[in-house]
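Reader: Please take a close look at the salt bridges in this model. I would like each pair described together with the exposure of its residues.

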Amino acid sequence: TWGNIQMTTAVGIANTREQSNTSLTNPINYNPIFDELKSNFSKRVTVDYNWRLAQLKQIEKMMVERHEEVSRAIMIDLARPPAQAFLGDVATILDECRFAIKNLRSWMKPNSVSTPITLQPG
């Protein structure tokens with residue numbers, strides 16, 4: 001089931017960075033993370049509603065718990081004041097994440113569309 005699969009999210013990447021004792025200036029090897037993402041996609045793990053919902057909730061949790069770190073990184077990378085980073089980036093991501101959580105089920109419903117005559121039989 002989806003619950004038995006280790007979910008790779010931004011939180012997982014952040015945890016990987018902590019475990020490897022690297023700083024923001026020392027890059028880490030993202031190939032294993034990318035390989036896991038490709039594997040999960042190939043296994044169609046990402047199609048499940050519960051898996052997607054869990055991913056969105058993890059992003060929301062990360063932004064709530066680490067908003068100061070994210071704001072500080074934006075300040076360093078983009079020279080934005082912390083308040084602007086929070087309002088322009090962190091709060092926006094939180095709002096979008098919560099909007100996606102609220103609408104995910106309806107977005108996943110099958111949607112019938114017609115095939116243009118030039119592409120038939122299709």
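Author: A residue is called buried under 20% relative accessible area, exposed over 50%, and partly exposed in between. The model is a predicted one. With a relative accessible area of 40%, Arg 98 lies between those two cut-offs and is therefore partly exposed. Its side chain forms a salt bridge with that of Glu 60, at 2.6 Å from N to O. This pair joins distant parts of the chain, since Arg 98 sits in helix H5 (residues 82-107) and Glu 60 in helix H3 (residues 49-65), with their positions 38 residues apart in numbering. Glu 60 has a relative accessibility of 19%, which is under 20%, so Glu 60 counts as buried. The bridge thus has a partly exposed arginine and a buried glutamate.

Another salt bridge is formed by the side chains of Glu 69 and Arg 66, at 3.7 Å from N to O. That value falls within the 4 Å limit, so the pair counts. Here the glutamate, Glu 69, is partly exposed at 41% relative accessibility, while the arginine, Arg 66, is buried at 19%.

The side chains of Arg 80 and Asp 89 also meet in a salt bridge, with an N to O distance of 2.3 Å. Arg 80 has a relative accessible area of 28%, which is not under 20%, so Arg 80 is partly exposed rather than buried.

By the 4 Å rule, the count for the model comes to three salt bridges.

Conventions:
Residues are numbered from 1 along each chain as its sequence is written. This is a predicted model: local features need pLDDT of at least 70, side-chain atom pairs count only at pLDDT 80 or more; totals for chains, interfaces and linings use all residues. Side-chain values use heavy atoms; hydrogens and water are left out. Helices (H or I, at least four residues) and strands (E, at least two) are DSSP runs, numbered from the N terminus. Buried means under 20% relative accessible area, exposed over 50%, partly exposed in between (1.4 Å probe, protein chains only).
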